[in-house]
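Reader: I've got this one open on my screen and I'd like to talk it through. Can you walk me round it?

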Amino acid sequence: MAEIVRVGGGGAVVSLWRREGGYGEVLKIAVPLILSTGSWSIQHFVDRMFLTWYSRDALAAASPAGMLYFTFASFFIGTASYVNTFVAQYSGAGHSRRVGPAVWQGIYFGLIAGLFLLGLIPVADRLFAWVGHAPAVRSLETAYFKILCIGGPTIAGAALSAFFSGRGETLTVMWVNFAAMALNIVLDYAWIFGKWGFPQGGIRGAAWATVVAHFFSTALFLVLMLRAEFRKIFNTLGGWRPEGDLFRRLLRFGVPTGVQFMLEILGFSLFIVLVGRLGTVALAATSITFNINSLAFLPMLGMGMAVSTLVGRYLGQDRADLAERSTWSAFHLCMAYMWTMAVGYVALPELFMRPFTSYADPKTFMPVQQMGIVLLRFVAVYSVFDAMYIVFAGSIKGAGDTRFVMWASTLLTWGLMVVPAYLACVVYEWGLYVAWGFMAAYIFLSGFVFLARFRGGKWKSMRVIETRSVTEGPDTETV
């Protein structure tokens with residue numbers, strides 16, 4: 001993978017940074033996406049930091065409530081986001097007029113999702129009564145969850161974002177996400193603490209800030225997609241009509257991604273809920289550690305999105321060799337980043353903890369900090385294997401191998417993390433560190449499973465689009 005390629009017969013050397021599928025091409029697409037997903041982690045980090053300053057109960061409530069909301073939303077987000085692969089493969093195949101209709105099917109799916117999430121508001125009290133956390137925390141969890149559900153229709157923004165990311169126009173995605181992040185942070189501060197004329201909302205203010213920022217980014221993506229040049233080239237306005245076959249194909253390939261995403265998020269949500277049974281200190285330490293872990297994990301989701309885009313584009317061109325090369329380039333870059341973060345988690349844990357300790361009560365926060373420092377060592381170990389999981393799963397999803405990803409991820413999540421965590425936290429009371437050990441084992445094995453699937457090569461013959469333009473005849477799928 002790291003060889004030098006000589007071209008032109010004159011000894012000119014084209015390094016891995018410059019050739020197709022090399023590091024340079026990967027980074028050109030990935031860096032804006034990394035910064036975009038990194039902005040999510042910064043936004044999430046600042047939100048939790050402000051809530052830490054506000055109250056420990058607010059911090060403890062935000063993670064389980066946010067994770068539970070995201071568990072329900074993740075199915076729809078995963079499915080709508082799969083529009084990225086359709087856009088990439090249509091663009092690679094030269095069928096640009098099919099890009100707009102593909103995006104609109106994702107928009108319609110996102111709006112349906114919003115109606116479902118709004119329907120969860122009346123049952124929120126019963127959901128958190130079942131969770132069984134302390135009454136003070138439970139009331140905050142319920143309020144946070146209900147407000148987030150109001151933002152459900154913004155899931156359509158995942159499909160709108162895919163119009164840009166699937167074509168490799170990732171700078172647009174970055175700037176929209178940066179604008180939404182800045183708005184969210186400003187509103188967070190104002191709405192949590194009651195600044196600049198805003199009410200002091202605490203955790204409710206944090207939820208409203210998130211919802212407003214999501215509506216803002218969705219509207220901005222829509223306005224940008226409907227520009228005149230995109231209407232002409234990609235049929236972004238004329239392709240608004242529902243298409244039964246295309247919508248069904250989005251469901252066929254996207255739903256397994258949505259199910260995988262949902263069950264994985266559900267697994268992590270249940271993990272946090274189970275840890276909550278060990279007490280508020282364990283729950284707060286786990287919440288902060290996951291928050292710090294997001295500084296490594298969320299940026300690399302951008303790398304996963306980039307490799308899916310490149311694999312989709314090159315398979316649309318019937319260039320599986322370049323799709324494979326792009327994947328290995330992404331893997332090398334991702335590993336370099338994760339190793340750097342892992343060293344930091346072990347060598348400088350207090351540095352990562354410092355934002356949370358700044359305005360927190362030292363007496364009550366000290367046990368949380370001490371426990372969190374130990375948990376960061378678990379994160380350091382599994383981060384490297386997380387890189388394998390992100391890149392190789394992203395690659396085969398970019399081809400259309402979504403059913404394997406769904407089944408493998410589900411079995412690993414529940415067999416190696418959720419059930420063992422239940423045994424460790426509830427049945428046998430083995431404790432927090434044993435539960436985290438099982439989670440690390442789950443990520444370790446996941447990395448190798450998806451590496452093996454990628455090396456098997458079945459994905460190279462898969463496609464999610466028609467093999468010829470729909471203007472030339474009936475749709476024909478190759479899967």
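Author: Sure. One definition to start with: helices here are DSSP runs of H or I with at least four residues, numbered from the N terminus. Bear in mind that this is a predicted model.

Reader: Okay, which helices each supply at least two residues of the lining of the largest pocket?

Author: Start from the lining, which includes Pro64, Leu68, Leu127, Trp130, Leu266 and Val273. Those that supply at least two lining residues each are α2 (56–81), α5 (124–131) and α11 (244–276).

Reader: And how do the residues of that lining divide into nonpolar, polar and charged?

Author: Ser269 sits in the lining, alongside residues such as Phe128, Val131 and Leu270. Ser counts as polar because the nonpolar and charged classes leave it out. The lining of this pocket, with about 170 Å³ of space, comes to 9 nonpolar, 1 polar and no charged.

Reader: Switching to α7 and α8, are they oblique or roughly parallel?

Author: Helix α7 (residues 156–165) packs on helix α8 (residues 170–193) at about 140 degrees, with the axes 7 Å apart. Roughly antiparallel would need an angle over 145. That makes α7, relative to α8, oblique.

Reader: Which residues of α8 make that contact?

Author: On the α7 side, the contact is made by Ser161, Phe164 and Ser165. By class it has 2 nonpolar, 4 polar and no charged residues. The α8 partners are Thr170, Thr172 and Val173.

Reader: Last one: what is the radius of gyration of the chain?

Author: The chain has 17 helices and 2 strands. For 479 residues the globule rule gives 23 Å, and the chain's value is close to that, so it is as compact as a globular protein of that length. The radius of gyration is 22 Å.

Terms used: Residues numbered from 1 in each chain as written. Predicted model: local features only at pLDDT ≥ 70, side-chain atom pairs only at ≥ 80, totals over all residues. Heavy atoms only, no water. Axes fitted to C-alpha atoms, helices over the stretch in contact; angles between N-to-C directions. Parallel < 35°, antiparallel > 145°, perpendicular 65-115°, else oblique. Contact = heavy atoms within 4.5 Å. 1 Å grid on protein atoms, 1.4 Å probe; cavity = no way out; pocket = protein on both sides within 12 Å on 5 of 7 lines; lining within 4 Å. Points joined across faces, edges and corners; volume = space filled by probe spheres on them. Rg over C-alpha atoms; globule rule 2.2 N^0.38 Å.
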